[in-house]
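Got the viewer open? Let's walk through this one together, starting with the whole chain and ending up inside a pocket.

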Amino acid sequence: MPEPTPIPTEQLQFAMPPTHESVEEERRHRKERLVAALRLFGRLGFEEGVTGHITARDPEFTDCFWVNPFGMSFSLLTLSDLILVNSEGQVVEGRHHVNQAAFAIHAQIHRARPDVVAAAHSHSTYGRALAALGEPLDPISQDVCAFYESHALYDAYSGVVVDEEESRRIAAALGPHKAVILRNHGLLTVGDSVDAAAWWFLTMERCCQVQLTAKAAGKPVLISHHDAVRTREQLGGDLVAWINYQPLYQQIARSEPDMFG
């Protein structure tokens, strides 16, 4: 048998973010990724009553965003259930109400960050636990270095966020970063795609779990500033987040194709 011949690298398949021929095609794509992310959040137990929301900016009407409707289970959502909300919090497409907390926080973030396509927030267990301590993530693992000097702490709490001024303060605390820990509340992440925002939330939740577990067991050894920065430069970009998210998207899309109906 002859020795196997290496396949040229350019002939190997590797998924990258798609490009779109029209705004309608891009809108459909963002909505599909949004409903898939919501289904995945439901599967992972990130749903807590009617709290939690993921938004995706409309590619044409950029001051509007698509979001899950108020009071509907993440696990049952379909593409047709998504609603489009304008900058005033009014539903302009769909037949369901919007969660006012979702509008209040996400509207200010989308307004302050034109680069942000999607934002994710949910009352996940470990995110809430770390938020209750009012502390940021420490550089104690390779994965968490993606958030090193790239997340913030909103060090205040005044109840359910429906006030425009507090929403502005949260957006200001987020600044240029990919995530913010809302003290006594939970996590919020953003990205240049739904996939990136969802991945940052998922991995941030796990990083919270690791930090809480490590500190309960002993005194974690911190990664040096130089190495943490270098690792962030390798792992902290939205493209890396998009790539990391694809296996999860494949799982939910293939096992629950009814969501696209």
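## The whole chain

Start with the cartoon view, coloured by secondary structure: the protein chain has seven helices and eight strands. Keep in mind that you're looking at a predicted model.

Now zoom out. Along the principal axes, the C-alpha atoms of the protein chain fill a box of roughly 65 × 50 × 30 Å. The radius of gyration is 19 Å, which agrees with a compact globule, because a globule of 261 residues would come out near 18 Å.

Next, switch on the surface. About 12,800 Å² of the protein chain is exposed, and carbon and sulfur atoms supply 53% of that. Colour by burial and you'll find that buried residues make up 50% of the 261.

For a feel of how the chain folds back on itself, look at the contacts: of those between residues at least 6 apart in sequence, 70% join residues at least 24 apart.

## Into the largest pocket

Select P17, H29, D192, S193 and W242. Of the 15 residues that line the largest pocket, these lie nearest its centre. The pocket's volume is about 250 Å³.

Which elements give two or more residues to this lining? Select helix 1 (23-43), helix 5 (194-217) and helix 7 (238-255) to see them. Stay on helix 1 for a moment: with four residues, helix 1 gives the most to the lining.

Last stop: show the lining side chains and colour them by type. You'll get six nonpolar, three polar and six charged residues around the largest pocket.

Key: Residues numbered from 1 in each chain as written. Predicted model: local features only at pLDDT ≥ 70, side-chain atom pairs only at ≥ 80, totals over all residues. Heavy atoms only, no water. 1 Å grid on protein atoms, 1.4 Å probe; cavity = no way out; pocket = protein on both sides within 12 Å on 5 of 7 lines; lining within 4 Å. Points joined across faces, edges and corners; volume = space filled by probe spheres on them. Nonpolar A, V, L, I, M, F, W, Y, C, P; charged D, E, K, R; others polar. Rg over C-alpha atoms; globule rule 2.2 N^0.38 Å. Buried < 20%, exposed > 50% of the residue type's maximum accessible area, 1.4 Å probe, protein only. Contact = heavy atoms within 4.5 Å. Areas by Shrake-Rupley, 256 points an atom, 1.4 Å probe, with all protein chains shown as cover.
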